[in-house]
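Biologist: I would like a close look at a single part of this model, explained with care for someone in the first year of study.

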Amino acid sequence: MNPLVFRSDYAHSREGLSELTRLIYDVFEVDVSPLDRLGHDPSVVAFGWWLGGQLVANVSLYERRLWLLGEQVQAFGVQSVAVRPEWRGKGLFRDLMRRALSYADARADLVILGTGTPDLYTPFGFRQILETTFSASLAPKPAKPAYRLLTLAEDRDVALLKDLFARRSPTSQVASACDHPALFMLMAVTAPEMELIHLSDLDAVVAVEGRQETSMTLLDIVAPSIPSLDAIVSALGYAGERIEVHLTPDRLSWTPERETRIDNGHMVRGVFSPEAHPFMLSGMQI
Ligand SMILES: CC(C)(COP(=O)(O)OP(=O)(O)OC[C@H]1O[C@@H](n2cnc3c(N)ncnc32)[C@H](O)[C@@H]1OP(=O)(O)O)[C@@H](O)C(=O)NCCC(=O)NCCS
């Protein structure tokens, strides 16, 4: 007799969240418990096999709100794909993936995920998409620094960020996302090299890396009105030589000098209209 029970009712119960947190920690050594304070994404639907009170295999979906070639597209993302070691090789992942995709297919035309193991997903109809990073040298300009580093340990900074998320506009019309802030915040608390900075004059929060170095990387912008790249660099008081932009830059009033194709780990299943264009979706997702 199969001792396992299939469930899909636990993504938002206390017991379910605690078992998902434990599974993700045991398999990936990533602690998602900060989301208990920062806020879980209410759109998550989890599909899992349980042995009594223990979650042994899981695949979750969450809603992705994408902007692709000027159109708002409702898609699903796949996350928390994990099977406990002693239960691997028995087809549990394949079974859960089929269930999740049948749920997604009934509701959307596009499913997107990020992975370091694409072979796992090609049998389900996913294909890799190449992205592009954009960069240019910076001419020295007078800076008007007006910024404050945020720390998500502070409730007021969490509130400030949530408020901006609720009002944010897409960073790009070509390819960008306006998802729930949960995965952005989780990335912020788990990646110490990345800084979240409030630019009060621009009513914006930017995620950047390498501010003390000769080249700085812009990872994301959360703002109701997307500022120009010049305005961001000036507000940060950044005096380095080069800027890298890891976002599609069509709304930044900026012309990159160099475009570099990269494999950022994204895979899609279904129509993904910007595929033939240079684009980059924010990597501010764990
Ligand atoms: C990857 C993982 C979810 C697979 O779970 P599983 O229940 O053992 O997988 P299944 O038994 O359903 O196998 C399904 C198929 O995937 C294949 N597969 C399993 N692990 C794989 C891997 N790392 N790379 C490529 N294919 C893999 C199996 O060979 C099988 O192929 P088949 O259909 O041709 O027989 C599990 O090994 C795991 O939790 N790994 C650690 C976490 C992880 O890597 N998650 C994915 C991150 S994006």
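Which helix gives the most to the lining of the second largest pocket, and with how many residues?

Modeller: Please keep in mind that this is a predicted model. The element you ask about is helix α6, made of residues 229–236, which gives the most to the lining of the second largest pocket by supplying four residues. The pocket itself has a volume of about 290 Å³, and of the 16 residues that line it, those closest to its centre are L138, A139, P140, K141 and V233. Sorted by character, the lining of this second largest pocket consists of 10 nonpolar residues, together with three polar and three charged ones. As general background, rolling a probe the size of a water molecule over the atoms shows where empty space is left.

From the pocket we can turn to the ligand, which has 16 residues around it, and here the closest are V81, V83, G89, G91 and R94. Three of these closest residues can be described through their backbone atoms. A polar backbone atom of V81 is 3.0 Å from a nitrogen atom of the ligand, while for V83 a backbone N or O atom lies 2.8 Å from an oxygen atom of the ligand. In R94, a polar backbone atom is 2.9 Å from an oxygen atom of the ligand.

Two further residues let us follow individual side chains. R269 has its place in strand β15, which covers residues 266–270, and its side chain is joined to the side chain of D105 by a polar contact of 2.7 Å. The side chain of R269 also reaches the backbone oxygen of F124, at 2.8 Å. Both partners appear again when contacts are listed, since R269, once residues up to four places away in sequence are set aside, touches L101, D105, D109, L110, V111, F124, G125, F126 and R127.

The segment after β15 holds S282, and this serine counts as buried because its relative accessibility is 17%, where buried means under 20%. The side chain of S282 makes a polar contact of 2.9 Å with the side chain of D220, and it reaches the backbone nitrogen of M284 at 2.9 Å. Leaving aside neighbours within four places in sequence, S282 is in contact with L219, D220, H246 and L247.

Technical notes: Residues are numbered from 1 along each chain as its sequence is written. This is a predicted model: local features need pLDDT of at least 70, side-chain atom pairs count only at pLDDT 80 or more; totals for chains, interfaces and linings use all residues. Side-chain values use heavy atoms; hydrogens and water are left out. Helices (H or I, at least four residues) and strands (E, at least two) are DSSP runs, numbered from the N terminus. A polar contact is a pair of N or O atoms within 3.5 Å; within protein, one must be able to donate a hydrogen and the other to accept it, and residues adjacent in sequence count only if both atoms are side-chain atoms. Contact means heavy atoms within 4.5 Å. On a 1 Å grid over the protein atoms alone, a cavity is a set of points where a 1.4 Å probe fits but cannot get out, and a pocket is an open set with protein on both sides within 12 Å along at least five of seven lines; lining residues have an atom within 4 Å of a point. Grid points are joined across faces, edges and corners, and a volume is the space filled by probe spheres set on the points. Ala, Val, Leu, Ile, Met, Phe, Trp, Tyr, Cys and Pro count as nonpolar, Asp, Glu, Lys and Arg as charged, and the others, Gly among them, as polar. Buried means under 20% relative accessible area, exposed over 50%, partly exposed in between (1.4 Å probe, protein chains only). A residue is near a molecule or strand if one of its heavy atoms lies within 4 Å of it.
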